[in-house]
Amino acid sequence: EIYASHDWAEYRYISPDGRNILLFAARSFDLKRMYHHPEIGILHGVDLESHGTVMLGQSGDIPAFLHRSRTGHGAAAYVLLYDNQYVENPMKLQLQTSIEMLFSPRKAMTLFFVYDKDLIRGTAFDSSIASEVLEQAINSFRNGNQAASSE
């Protein structure tokens, strides 16, 4: 209900070192619900602060919005995908597409969200297990979509 979506999934992974990694993915036509503080709707009360954007992927082309816990342990990141493109500025995208949406069918936005409650503040997110889980989920989704659209 929070994301106006029936197309979502939540997974919990245990890393080799015993860390509990949460992965959440959802698709919705309500863009603002997808990009406006998704960490609040998913984590319910975990106190996080924004730490800007970190670029992920082998070629550094995946912008992930990074949040870290104020307590020193825990980090979350999310990636937005719209019209097969990564979204670096969701508000700008919403403004750009508002006119387009009057004349053409709406397109869904996909949210990929990962949370590692034990990631220590000084640890680089882009080299963490959580980052790997996030990237694998995105790659799996994009490869599945490409195969489905070519059939």
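## A tour from H67 outwards

Begin by selecting H67 and E39: their side chains make a polar contact at 3.5 Å. A polar contact here is a pair of N or O atoms within 3.5 Å; within protein, one must be able to donate a hydrogen and the other to accept it, and residues adjacent in sequence count only if both atoms are side-chain atoms. The model is predicted, so local features need pLDDT of at least 70 and side-chain atom pairs count only at pLDDT 80 or more, while totals for chains, interfaces and linings use all residues. Residues are numbered from 1 along each chain as its sequence is written, and side-chain values use heavy atoms, with hydrogens and water left out.

**Stop 1: H67**

Colour by secondary structure and H67 appears in strand β4, residues 62-69. Helices (H or I, at least four residues) and strands (E, at least two) are DSSP runs, numbered from the N terminus. H67 has a relative accessible area of 7%, so it is buried; the classes are buried under 20% relative accessible area, exposed over 50% and partly exposed in between, with a 1.4 Å probe and protein chains only. Next, show what surrounds H67. Apart from residues up to four places away in sequence, H67 touches E39, L48, E49, S50, H51, A75, A76 and Y78. Contact means heavy atoms within 4.5 Å.

**Stop 2: A75**

From that list, select A75, which lies in strand β5, residues 73-82. A75 has a relative accessible area of 0% and is therefore buried. Beyond residues up to four places away in sequence, A75 touches H67, R68, V114, Y115, D116, L119 and F125. For a distance check, pick the C-alpha atoms of A75 and L43: they are 32 residues apart along the chain and separated by 11 Å.

**Stop 3: S69**

Go back to strand β4 and select S69. S69 is buried, at a relative accessible area of 5%. With residues up to four places away in sequence set aside, S69 touches D47, L48, G74 and R121. A C-alpha to C-alpha line from S69 to E49 gives 6.3 Å, for residues 20 apart in sequence.

**Stop 4: R121**

R121, one of the residues that S69 touches, sits in the loop between β7 (109-120) and α4 (129-150). Is R121 buried, partly exposed or exposed? R121 is partly exposed, at 32% relative accessibility. Show the side chains of R121 and H51, which are joined by a polar contact of 3.3 Å. Neighbours within four places in sequence aside, R121 is in contact with E49, H51, R68, S69, R70 and G72. The C-alpha atoms of R121 and G74 are separated by 7.1 Å, although the two residues are 47 apart along the chain.

**Stop 5: D83 and N84**

Move to the loop between β5 and β6 (85-86) and select D83, then N84 in the loop between β5 and β6. Most residues other than glycine have a negative phi. Phi of D83 is near 55°, a positive value in a residue other than glycine. N84, likewise not a glycine, has a positive phi of about 65°. D83 is partly exposed at a relative accessible area of 46%, and N84 is partly exposed at 42%.

**Stop 6: L93**

Select L93 in helix α3, residues 90-103. L93 is buried, with a relative accessible area of 13%. Outside residues up to four places away in sequence, L93 touches Y82, V87 and M109. The C-alpha atoms of L93 and Q136 are separated by 25 Å, and these residues are 43 apart along the chain.

**Last stop: the whole chain**

Zoom out to the full protein chain, which has four helices and seven strands. In sequence order they run β-β-α-α-β-β-β-β-α-β-α. The radius of gyration of the protein chain is 15 Å, close to the 15 Å of the globule rule for 151 residues, so the chain is as compact as a globular protein of that length. This radius is taken over C-alpha atoms, and the rule is 2.2 Å times the number of residues to the power 0.38. The C-alpha trace spans about 50 × 35 × 30 Å along its principal axes. Of the 151 residues, 42% are buried. Among contacts with a separation of 6 or more, 60% are between residues 24 or more positions apart.
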